Structures are given as structure tokens and as C-alpha cells.
Amino acid sequence: MAKEKGKDKDKKHREKKRRLSNAASSDEMAVENEEIKDQAKGQPARVEDSHENDIQVSFKTAEDVAGAVNTVNVDLLIQGFTHLREHLRICNRPDSADTPVQARVLQESCRRVIYEWAAMDNGDFGAVSAAWQLAYSQNIVRLEALIPSTVAGLLAALDTPDALRFGNKLVQQVLGEHIRAVTRAFGTPRSSTCASVLQLLYQVVVFSHGEYADQMWHAFNWTMSSLDLLPSIRSNVMGFSIRRLWTRYVLSFFTADRCKTFVEVLRTRKIFSSLFNGVERDSYQELHALLSSVYLNVVLNEEVPRADKVRVFGVHLMGRLAKLADNAVSVDPRQVGIPNPQMFVPRELSDTGANTVVEKDSISGLIMRFFKGMMTFPGYGICFHQYGLYPAPRRWNKDLVLSTPGAALATEAETAEDKNENDNDNDNDGGMVPEKEHDFNDTHDVAVISKNTSLSGMRDLCNSQILRILVGCINPASTKRMGDLAIEILRASPELIAPFWRNYSCSFEPRLSLRYLGNTAFAMKVMGLPLPLPADTQDSLRYAEPPRLNALIEHVLPFPLLRTCLGRGLQMRSSPLVRYRNLLLIDLALRKLSEVREWIQAEARSSGSQSAEMSAWTKLDRRLLTVVKQRIPEWKVVMTLHNEINAAADSTSIPDTSEQKSEEAL
């Protein structure tokens with residue numbers, strides 16, 4: 001009987017040893033990969049070990065942990081750190097309402113063992129440091145790949161108020177004694193060592209709410225050439241793709257509460273922009289995770305200057321995302337583990353009481369919502385507050401501004417900020433500059449700023465970056481989604497309508513084609529947008545000068561709608577639809593002209609009968625009417641088509657007397 005018990009005990013011991021050895025092999029990595037896939041599909045991860053196996057894997061006392069890692073034998077070290085890694089996985093499992101009571105008790109027991117082991121040497125972790133130094137000096141690849149991930153799990157377990165002092169010492173050891181080992185791991189970016197180190201770096205940044213994030217930023221070598229390859233490596237190593245681990249590490253600087261160097265991360269464009277390398281190969285859930293994290297932690301982060309956001313999210317990056325808008329394959333978000341897809345709406349503007357349920361989504365819909373969140377909410381993302389018919393104030397009358405209390409100290413700083421923004425507008429992302437945007441020789445190019453203008457209003461800059469993206473990356477006539485996106489952008493930034501028509505390449509040559517019908521439909525939607533008139537309130541800015549005629553005329557009759565094209569369209573008898581479309585365009589232009597003239601005449605009357613300002617408004621009214629007359633076809637052609645339509649309507653409106661005759665017969 002005793003022999004049988006001894007055999008059973010030896011059998012269990014051999015089984016435990018075999019399992020721990022396999023945990024560090026590629027077979028367990030494959031199991032972890034399957035678990036990640038199941039989690040991505042919204043299914044519960046397959047648990048290989050039962051509760052009994054967890055009990056066998058976990059250490060019972062702190063002395064057992066110390067004995068497992070305090071040795072110089074390489075094979076025993078590999079077995080000991082594998083055992084410790086499995087123990088830490090039990091400690092760091094997320095709690096949920098469905099967790100059995102026995103599993104919670106085991107988890108608390110495992111955590112207590114770790115705390116007691118850390119307190120044995122007052123948190124020095126000398127055995128861990130010695131084993132890591134041994135692996136680094138003797139180039140033991142398997143041990144180098146095992147120790148960083150184990151230390152990462154140890155930091156996650158020690159990130160509690162009671163054990164924080166032990167975690168602080170461990171972080172200092174990583175940043176001081178082992179930073180060379182961390183750097184060497186990136187020499188082979190496709191290895192398990194690199195994946196293990198990336199897990200460790202993430203835990204160091206987020207430890208204690210980012211207390212060591214700034215120190216990590218300065219200690220890490222960001223100039224390594226191998227870092228450029230990490231966003232493109234999608235092979236699963238240790239259950240995670242290198243791209244996923246690298247993205248999580250870079251974005252952790254924005255999620256850490258105590259991190260102060262996140263602006264430097266964003267300004268290092270090579271690092272942040274690399275997250276979008278190869279984004280066209282991402283699945284729906286990978287792209288959703290990336291864009292959601294970027295939008296919540298970078299775009300909506302008020303501590304990140306908007307100038308830096310404009311510099312990063314330029315034509316190159318946004319154009320890469322715009323190419324993904326063609327992927328309209330339907331996806332059920334709940335089946336891929338995303339119960340509530342991101343709507344990309346600022347927190348202040350979102351309806352927190354409403355639960356948005358998205359049954360079907362696609363990468364195209366995800367990209368469109370991200371673009372709207374970036375460019376259609378003034379004051380958020382890369383969208384500045386709009387000034388309607390007037391350009392944003394790039395310069396002002398210093399005599400008036402300096403008379404404002406407290407403005408003298410801000411003038412030089414604001415001038416420097418505007419100069420930086422001008423440099424950003426001329427960045428290499430697009431190369432296109434709106435018409436005369438930086439030429440202030442004309443008095444109509446800049447709104448006159450009065451004494452009542454606040455300093456915050458002077459900081460607002462024009463949305464030239466959005467204009468570049470709109471012209472270079474978005475084709476409004478290609479799809480309905482693209483057209484709706486362009487309309488929303490122009491609605492949020494109406495000052496872009498005039499330069500948009502001057503730079504948007506489209507043809508309104510009359511022909512019965514889908515392209516022509518799409519262009520005219522988009523033009524009618526833009527012309528139907530409300531005129532961005534100044535708010536009629538007591539504290540609103542009183543514009544001392546009328547707006548530019550070129551900016552005003554594009555709201556009434558866009559530049560591409562040439563007189564010759566409209567005239568030929570009205571006389572195209574082979575296609576009544578084309579004739580009707582052109583007549584609608586002219587009708588919209590005349591209605592918009594009436595609205596604009598009413599506003600101009602009201603401003604002229606309010607400025608006084610003898611003032612020079614009234615003469616300026618009156619002159620603008622006459623010039624506007626003259627330009628519109630020159631752009632509209634001959635009135636005789638318009639009236640001829642109008643009469644033909646009325647005649648056709650009268651001929652079809654002959655009363656039907658058949659029903660009356662039937663009633664009389666009855």
C-alpha cells in the first residue's frame with residue numbers, strides 16, 4: 001500500500017514537472033494563441049488547467065518561491081521561473097462576478113505568498129537580479145525570454161498599496177541594472193525575448209499610475225533602427241503579436257496618470273506615426289482597439305496641444321486611413337468581443353444616458369466615425385472653432401489689443417504660436433495651401449479685432465489641415481459615406497467652403513452619367529448649408545469690416561459651376577434630368593443670394609446712414625449682385641426652360657371627368 005502511494009506521488013510529481021517544462025515551450029505558446037483568438041471572438045478562453053492543476057502549480061509558501069529561483073543551475077532556473085510565471089498568472093487573473101469562490105480563495109492565497117516572498121529580503125529580489133544577470137552574461141536565450149515576462153507579472157501583482165514599496169525597488173533594478181538586457185532584446189525583434197521585454201516595459205510605465213513613465217522615456221533608447229520593424233511584425237509570440245505589444249507600450253505613456261512626457265512621445269512623429277504602419281492589414285477588432293485608444297487618450301486629451309495634434313494627424317496619416325473606407329464587409333461587433341463599438345464623440349457631447357447598440361458594423365463605418373470625431377467637432381481633435389465668413393484672426397491691431405488688461409504679456413507668445421502654426425500648415429504632409437491664406441496685404445483677409453476680443457479667441461487658428469485632408473484624402477462623389485463626411489466637415493467649418501471649391505477638382509460639364517449626377521448632388525448639398533452669419537448677441541464680436549467677396553460668392557454660387565456649363569445643361573434637350581438638375585442649382589443660388597443680401601443690407605442699416613462702414617457694406621452688395629449675374633446663364637434661357645416645365649405641368653393637370661360621369665350614370 002505504501003509503495004502504491006509512493007508511486008502515485010512520484011507520478012504526480014513527474015506530471016507537474018512535465019507540465020511546467022511544456023509551459024515554457026512553443027506548445028504552450030500555441031495554446032495561448034488559441035486563448036487569445038477565443039477571447040477576440042467573445043468566447044470564454046479555454047482553460048487548460050482545472051482547479052486542481054492550479055493548486056498544483058501554485059507555490060504554497062514563500063520559502064518554496066525562494067528555493068525555486070535561488071540557484072545557479074540553468075535547467076532548474078528555467079523550471080523555477082516557469083513555475084513562478086504560472087503562479088503569477090493566477091495572481092493577476094481579472095476578477096469577475098462569474099469567478100468561483102474556490103478560485104478567488106486560491107488567488108488570494110497566491111498573492112499572499114508573493115507578498116511574503118517579497119518581504120523576506122525586504123524587496124531586494126536579489127535572486128531574480130542574479131538570474132537575469134546570468135542569462136545576459138552567458139546569453140541563455142530561453143532564460144532571457146522567460147525572466148522579463150515573469151518580472152512583468154511580478155510588477156502587476158505588486159501594484160497594490162500594501163506591496164508598492166517592493167515594486168518600487170524592482171522597477172529601480174530594471175531601469176538601473178538591467179536596461180542593457182532590455183535594449184539587447186530588440187536586436188531580434190521577432191523573438192520571444194522581444195515580446196517578453198515589451199510586456200515588462202508596459203508594466204514599468206503603468207506601475208503606480210505612471211510614476212516611472214518619465215524615467216522610462218529617458219532611459220529607453222528610442223533611436224534603435226529595429227524599432228521601425230515592430231509595428232509590422234504580426235506573428236504571435238508568447239500569445240501576443242509584436243505589433244500589439246508595441247502599440248500598447250507606446251500608448252501607455254498617454255494612459256498613465258502621472259506621465260508628463262507624453263507630449264514628447266507625440267512630437268516624436270517617427271514613434272507615434274509608426275503605430276499606423278501596416279494598418280490596412282488590421283482586422284476589425286485590432287483597428288477598433290487602436291483607434292479607440294488613440295481617440296480617448298490622445299485626441300480628447302486636453303493637455304496635448306492642438307498644434308501637435310494637427311502636426312501628427314496630417315494628410316499622410318489620414319490618407320492611409322481613408323484607403324480603408326472601401327472595406328465595407330459587415331461585421332457583428334459582439335461576435336468579435338466588442339459589445340459597444342466606439343462612436344468617437346467627445347464626452348461632453350455624447351448622450352451618456354443612451355446605450356448605442358450596433359448590430360452590424362464595418363471597417364468603413366469605423367473609419368468614417370473616426371474622421372467625424374477628428375474633424376467635425378469644433379474645439380476637439382484637429383478642428384478649431386470656426387469664424388464663419390471671416391478667416392481666423394492671425395494678426396490684430398496691436399494698439400487695440402495692448403489696451404486690453406493683461407494682453408501685453410500674451411502678445412509675443414501668441415505671435416510665436418501663430419508662427420508655429422503657419423509652419424505646421426506648410427508641413428510636407430500635403431503641400432497644398434489655401435488661396436492667399438498667409439497673404440495679409442488685403443484688409444479683407446483678416447478680421448479686425450476689437451477691444452472686447454478675448455485672448456482665447458485670438459488663439460483660434462484656421463482649419464487648413466482639415467482642408468488638406470478634405471481635398472487630398474476624401475472623394476465626396478465616390479460614395480455616399482464620403483459625401484456625408486465632407487458635408488459634415490464643411491458644416492462644422494464653413495470658412496473652408498470657399499477654399500474647398502477653389503482646390504477641389506471636379507467637372508460639371510453636362511452629361512448623363514453617374515459621376516455628373518454625383519457631383520451635382522454634392523454641390524446642391526453644400527449650397528444648401530446654412531450661411532454662417534455672426535451670432536446676433538450682445539457679447540458677440542462686432543465685425544468692423546465686411547467679409548471678402550471671394551469667400552462670400554462661393555457660398556452663393558461655387559466657382560466650378562461655370563456659366564457655360566450651366567447654360568449648356570439648361571439647353572441639353574436629350575436629357576430632361578440634366579436640365580432639371582441645372583435649374584435646381586440656379587434656384588439654390590438665387591435663394592442663397594437673397595439670404596446673403598438681406599444680411600448685408602441689415603448690416604448696412606445698423607452701421608449708420610452717413611458712416612464709411614455703410615458704404616463698404618453697400619459696395620459689397622452691389623459687387624456681389626454683379627458677380628452673380630455674370631455667373632448665371634442668360635435669363636432668357638432660364639425662363640424658356642421654366643415656361644416649358646409650366647406648360648408640361650398644365651398639360652398633365654387636365655381634370656379627369658370619368659369618375660364624375662360614372663356618378664351621373666349611377
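This is a short talk on one predicted protein model, going from the whole chain down to a few single residues.

I'll start with the chain as a whole. It has 666 residues, and 48% of them are buried. In terms of secondary structure, there are 32 helices and two strands. The accessible surface is about 33300 Å², and carbon and sulfur atoms account for 51% of that. Now take the contacts between residues at least 6 apart in sequence: 78% of these join residues at least 24 apart.

Next, one helix. Please find α24, residues 480-492. How far apart should the ends of its 13 residues be, at 1.5 Å a residue? The expected span is 18 Å, and the end C-alpha atoms are 18 Å apart, so the two agree. If you try this yourself, note that the expected span is 1.5 Å times one less than the number of residues.

Which residues of α24 are buried? They are M482, G483, L485, A486, I487, I489, L490 and A492. As a reminder, an α-helix has 3.6 residues a turn, so residues three or four places apart point the same way. The cover over the buried residues of α24 includes other helices: α18 (315-322), α19 (363-375), α23 (464-472), α25 (497-503) and α26.

That brings me to the loop after α26. Between α26 (514-527) and α27 (549-556) there is a loop, and P534 lies in it. Is P534 buried, partly exposed or exposed? Its relative accessible area is 28%, so P534 counts as partly exposed, because the buried class stops under 20% and the exposed class starts over 50%. P534 also pairs up in space with G388: the two are 146 residues apart in sequence, yet their C-alpha atoms are 7.2 Å apart.

Compare that with another loop residue, S208. This serine sits between α11 (192-206) and α12 (213-219). S208 has a relative accessible area of 3%, so it is buried. What does S208 touch, leaving out residues up to four places away in sequence? The answer is D159, L164 and R258.

Last, the empty space inside. The structure holds four cavities of 30 Å³ or more. The largest has a volume of about 70 Å³. Around this largest cavity you will find W222, M224, L227, D228, W246, K270, I271 and S274. By type, that lining divides into five nonpolar residues, one polar and two charged.

That is the end of the talk.

Technical notes:
Residues numbered from 1 in each chain as written. Predicted model: local features only at pLDDT ≥ 70, side-chain atom pairs only at ≥ 80, totals over all residues. Heavy atoms only, no water. Helix = DSSP H or I, 4+ residues; strand = E, 2+ residues; numbered from the N terminus. Buried < 20%, exposed > 50% of the residue type's maximum accessible area, 1.4 Å probe, protein only. Contact = heavy atoms within 4.5 Å. 1 Å grid on protein atoms, 1.4 Å probe; cavity = no way out; pocket = protein on both sides within 12 Å on 5 of 7 lines; lining within 4 Å. Points joined across faces, edges and corners; volume = space filled by probe spheres on them. Nonpolar A, V, L, I, M, F, W, Y, C, P; charged D, E, K, R; others polar. Areas by Shrake-Rupley, 256 points an atom, 1.4 Å probe, with all protein chains shown as cover.
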